[in-house]
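Open the model in your viewer and colour it by secondary structure. The stops below can be followed in order, with one selection at a time.

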Amino acid sequence: MFTGIVAELGEVAGIEQRGDAARLTIRGSTEGVSPGESIAVNGVCLTVAGILDGTFTADVMGETLDRSSLGGLTPGAPVNLEQSVRLADRLGGHLVQGHVDGTGTIISRSPAEHWDQVRISLPASISRYVVHKGSIAVDGISLTISALGPPGGETRGETRGETRGETRGESGGETWFEVCLIPETLKRTTMGTRQPGDVVNLEVDVIAKYVERLLSGEANQ
């Protein structure tokens, strides 16, 4: 379990392809880390397989490569790192499992003087779990949704410098959401350099999925 508060920017030191799997070597802080523990890499929960000279290795199975953006990593790429939370830690973000639900693509980026506004596409399969002012993990970063645009629907939340009509039509009916990034997030995470066209990992609030299942009556079947 994680909180979506990125501890540091790591770096991909190496990638070993293993058929339908891969072994990643990540450079980052390994203080207090032991093999078998979990570390979120761009929001994906990975198990530490080994530690050596300021790096750790982790095996990534085919399911994870298919569902997340880890398959597109290259040596030298920066990655967001967060160690699993302890029960005594502060919950600075929200409950994040490190189980990616899908990927989105950055549609646009609007810099302001002290913050950036980023619009990201939202897969239809998980859009029902996303709400205005709710939480979502983007590449493992706990972020608050500042605006939400369902296909053919009203834009929820104000978008700086745009009218509701302009916002609704800009992405051609595609479901999207927006987040506002403060300087600390821009400095400490990969979202500081992400550009339109980049693919990011998305994890919705797991509580929403449990509520849906309970209301549907599936849990009693």
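How many bridges join strand β4 to β5, and do the two run parallel or antiparallel? Select residues 44–52 for β4 and look across to β5: four bridges join these strands, and they run antiparallel. Keep in mind throughout that this is a predicted model.

**Stop 1: the hairpin of β4 and β5**

Stay on this pair and pick Gly50, which stands opposite Thr57 in β5. Then move to the turn. Two residues lie between the strands of this hairpin, and Asp53 takes a positive phi near 50 degrees there.

Now select β5 itself, residues 55–60. This strand is mostly covered, with five of its six residues buried. Besides β4, strand β5 has another antiparallel partner: β2 pairs with β5 over six bridges. To see one place where they meet, show Leu24 and its bridge partner in β5, Ala58.

**Stop 2: the barrel that holds these strands**

Zoom out and select β1 to β6. Six strands form a closed barrel in the order β1-β2-β5-β4-β3-β6, and the pairing is antiparallel. From one strand to the next, the twist averages 45 degrees. As background, the strands of a sheet pair through backbone hydrogen bonds, either parallel or antiparallel.

Follow the barrel order from its start. Strand β2, residues 21–27, pairs with β1 in the antiparallel sense over seven bridges. A position to label here is Glu11, which stands opposite Arg27 in β2.

**Stop 3: Gly14**

Select Gly14, in strand β1. Is this residue buried or exposed? Gly14 counts as buried because its relative accessible area is 17%, under the 20% cut-off. Show what surrounds Gly14: leaving out residues up to four places away in sequence, it touches Arg23, Leu24 and Thr25. Leu24 is the residue already seen with Ala58 as its bridge partner in β5. Next, draw a distance from the C-alpha atom of Gly14 to that of Pro75. These two residues are 61 apart along the chain, yet their C-alpha atoms are separated by 5.4 Å.

**Stop 4: Thr3**

Go back towards the start of the chain and select Thr3, in the segment before β1 (8–18). Thr3 counts as buried, at 5% relative accessibility. What does Thr3 touch, not counting residues up to four places away in sequence? The list is Glu82, Val85, Arg90, Leu91, Gly92, Gly93, His94, Val96 and Ser142. Of these contacts, display Ser142 last, since strand β10, where the next stop begins, spans residues 141–149.

**Stop 5: the other barrel**

Select β10 and strand β11, residues 176–181. Four bridges join the two, which run antiparallel. Label Ala147, which stands opposite Glu178 in β11. Then widen the selection: six strands close into a barrel in the order β7-β8-β11-β10-β9-β12, with antiparallel pairing. The twist here averages 45 degrees from one strand to the next.

**Stop 6: the cysteines**

Show Cys45 and Cys180. Cys45 counts as partly exposed, at 28% relative accessibility. Cys180 is also partly exposed, with a relative accessible area of 34%. The structure holds zero disulfides.

**Stop 7: Tyr129 and its surroundings**

Where does Tyr129 lie? Look in the loop between β8 (116–121) and β9 (135–138). Although in a loop, Tyr129 is buried, with a relative accessible area of 12%. Show its side chain and find two polar contacts: one with the side chain of Arg128 at 2.8 Å, and one with the side chain of Glu212 at 2.5 Å. Tyr129 and Glu212 are 83 residues apart along the chain, and their C-alpha atoms are separated by 8.8 Å. Leaving aside neighbours within four places in sequence, Tyr129 is in contact with Val204, Ala208, Lys209 and Glu212.

**Stop 8: helix α4**

Finish on α4, residues 206–216. At the start of this helix, a side-chain oxygen of Asp205 reaches to within 3.1 Å of the backbone nitrogen of Ile207. Then go to the other end and select Gly217, just after α4, which takes a positive phi of about 85 degrees.

Key
Residues are numbered from 1 along each chain as its sequence is written. This is a predicted model: local features need pLDDT of at least 70, side-chain atom pairs count only at pLDDT 80 or more; totals for chains, interfaces and linings use all residues. Side-chain values use heavy atoms; hydrogens and water are left out. Buried means under 20% relative accessible area, exposed over 50%, partly exposed in between (1.4 Å probe, protein chains only). Contact means heavy atoms within 4.5 Å. A polar contact is a pair of N or O atoms within 3.5 Å; within protein, one must be able to donate a hydrogen and the other to accept it, and residues adjacent in sequence count only if both atoms are side-chain atoms. Two strands pair if DSSP finds at least two bridges between them. Axes are lines fitted to C-alpha atoms, for helices over the stretch in contact, and angles run from 0 to 180 degrees between N-to-C directions. A disulfide is a pair of cysteine sulfur atoms within 2.5 Å.
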